[in-house]
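Here are my notes for you as a newcomer to this structure. Keep the model open beside you and take the points one at a time.

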Amino acid sequence: MIKILSVDDELDLELLLTQFFRRKIRKGEYEFYFAHNGLEAMQMLLQHPDIDIVLSDINMPEMDGLTLLKKIKDRNNPALKVVMVSAYGEMSNIRQAMNNGAFDFATKPIDLDDLQRTIEKAKEEIDFVKQTQKEHGQLVDLKADLSLAAEVQLAILPCEFPPFPDIVSDVDIHATMKPAKDVGGDFYDFFRIDDDHLGFVMADVSGKGVPAALFMTMSYTLLRFTGTKSLNPVSTVSDSNDMLSKESFDSMFVTLFYGVYNISTGEVRYVNAGHNPPYLLKADDSVNVLPKSNNICMGVTEGFPYQESTLTLDKGDTLVTFTDGVTEACDPSNNLYGEERLEALLATQEGNTAEQITSAINNAVNQHANGAEQSDDITILVIKRK
C-alpha cells in the first residue's frame, strides 16, 4: 500500500482524489490522508510516520509548501518523497522546490493520469530506498556479529604470557595473531600434555573470512582435544586429519606445524603438514630454516601417512613459527616482505625474549607495508629455551 498525504487548502481536491483513485483505494493499493496547510501536514506526519508520499501545494496559509518541504527534508527520511503541486505560472517556486529536494511536481489544473504515473514512479524509488535501508540494516547487524565473532575467536587463543608460571625459568613463549578481516583463518595454540611436555601449533586455514574462521575453530578444537591425550605428534595430526577430512566443506584445508616440546631436554618432535618451515635461531646468532616437509595439508584426505621430524633446542635457542601472512605482506608497490628480510631481521635478535622477537617481526612487517591494506592474517609463535 502507498500512503499518500495531500496538503492543499482547496477542499475540492480531497473529493477529486478520492473519486479518481477509488479503485486503488478499494483494492488497498492507495491510502490517502488530507491536510489543509503545512502545520496540519506536520502533525499528520507525526501521527503517521509511515506516509510514503506528500502531495503539497505551494501557496497555503500558516505554513506554505516550500517551508513544509524544508521541514520534511530536515527529518532526513530518504524514503519519503514530496511532489509539489502549483499553478503553471509559479514555475519559479516549482524550480526552487526541485532545487530544494522535491521528488517531482504537478501543475494545476492537475492531470490525474499524469499524477498517477508520478505516484507510481515515486513508489519505485521508495521501494528501492526501503530495500537499501533494509540491506544497510542487515549489514550493520552482520558487522556487529562479525565483531563479536572476532572477539570470541581471539578469546579461544592463549593470550596470557608467560602462560606457565611453574616453568618460566625453563621456556619463554609468546604469540600474536592479527587477522586481515574481522575474523581470520590463522591460529596458534600451546598447552601442557604432562609435567614435562608442551604441545604447540601454528596453523593457516585456506580461504578468508567467516568460512575460514569456522574451519579454524573446528581444527583448533580437534588438535587440542587429540594433542592433550598423546605425546606422539604423528598420532595427533593423523587423528585430527581423519576427523577433519570427514567434516571438511568447500574443499577447505589447513596447513600446520605441530610440535611436542620436551621441557627437560629441549627436544622437539614435530609434524609439518604443508606449512612454511619455521626458523631456528641458535644461541650463536646463526639463523637456520627447517627442512621442507613432504606431508600434505590437514583436511585433504583421510589416512595420509604423516612423517615425524625432530630437532633439539639447546639453551638459548629459539624456534620461530609463523604463517605466510608475514613473508607475503606487501608494500604499496606489491613488493613482498619475503624470507630474506625476515632472516636478516632474525639475525639481529640474539638475546631477545620471545615477546621482543614477535614484536620486532610485527613492527618490521608493518613498516614494510607502509599503509598498504593487509591481505592475509599475520600470526607468529616463538618458543625459546632459556
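1. Let's start with a pair of helices. The crossing of helix 7 and helix 8 is right-handed (left-handed would mean the near helix is turned anticlockwise from the far one by less than a right angle, and right-handed means clockwise). Helix 7 covers residues 209-227 and helix 8 residues 233-247; their axes come within 9 Å and cross at roughly 145°. Axes here are lines fitted to C-alpha atoms, for helices over the stretch in contact, and angles run from 0 to 180 degrees between N-to-C directions. Helices (H or I, at least four residues) and strands (E, at least two) are DSSP runs, numbered from the N terminus.

2. A word on what you are looking at: this is a predicted model, in which local features need pLDDT of at least 70 and side-chain atom pairs count only at pLDDT 80 or more, while totals for chains, interfaces and linings use all residues. Residues are numbered from 1 along each chain as its sequence is written, and side-chain values use heavy atoms, with hydrogens and water left out.

3. Which residues make the contact between helix 7 and helix 8? From helix 7 come F215, M218, S219, L222, L223, T226 and G227, and from helix 8 come T236, D239, S240, M243, L244 and E247; contact means heavy atoms within 4.5 Å. Sorted by class, there are six nonpolar, five polar and two charged residues. For this sorting, Ala, Val, Leu, Ile, Met, Phe, Trp, Tyr, Cys and Pro count as nonpolar, Asp, Glu, Lys and Arg as charged, and the others, Gly among them, as polar.

4. Stay with helix 8 for a moment, as S238 lies there too. Is S238 buried or exposed? S238 counts as buried, because its relative accessibility is 15% and buried means under 20% relative accessible area (exposed is over 50%, partly exposed in between; 1.4 Å probe, protein chains only). Leaving aside neighbours within four places in sequence, S238 is in contact with F304 and Y306.

5. Now turn to the open sheet. Its five strands follow the order 2-1-3-4-5, with parallel pairing; two strands pair if DSSP finds at least two bridges between them. Strand 2 (30-35) and strand 5 stand at the edges with a single partner strand each, so one side of each has no neighbour in the sheet. On average, neighbouring strands of this sheet are turned by 20° against each other, direction ignored.

6. Within that sheet, six bridges pair strand 1 (residues 2-7) with strand 2 in the parallel sense. K3, for instance, has E31 in strand 2 as its bridge partner. Helix 1 (residues 12-20) packs on the sheet, where it touches strand 1 and strand 2, and its direction makes about 180° with that of strand 2. Helix 3 lies across strand 1, strand 2 and strand 3 (53-57), running at about 160° to strand 1.

7. Helix 3 (residues 38-47) also packs with helix 4 (residues 65-74), at an angle of about 25° and with the axes 9 Å apart. That makes the two helices roughly parallel, because angles under 35 degrees count as such (over 145 is roughly antiparallel, 65 to 115 roughly perpendicular and the rest oblique). This crossing is right-handed. G38, A41, M42 and L45 of helix 3 meet L68, K71 and I72 of helix 4, and these residues divide into five nonpolar, one polar and one charged.

8. Strand 15 (residues 378-385) deserves a look: eight of its eight residues are buried. I378, I380, V382 and K384 point one way, while T379, L381, I383 and R385 point the other way. Strand 6 (residues 171-178) runs antiparallel to strand 15 and is joined to it by eight bridges, with D172 partnered by K384. Strand 14 (residues 318-322) is also antiparallel to strand 15, through five bridges, and T321 stands opposite L381.

9. Finally, some backbone details to check in the loops. The peptide bond between K108 and P109 is cis, with omega about -5°, and so is that from F161 to P162, with omega near -5°. D285 is not a glycine, yet has a positive phi of about 85°; D285 is partly exposed, at 30% relative accessible area. N334 likewise has a positive phi, near 65°, and counts as exposed at 61% relative accessibility.
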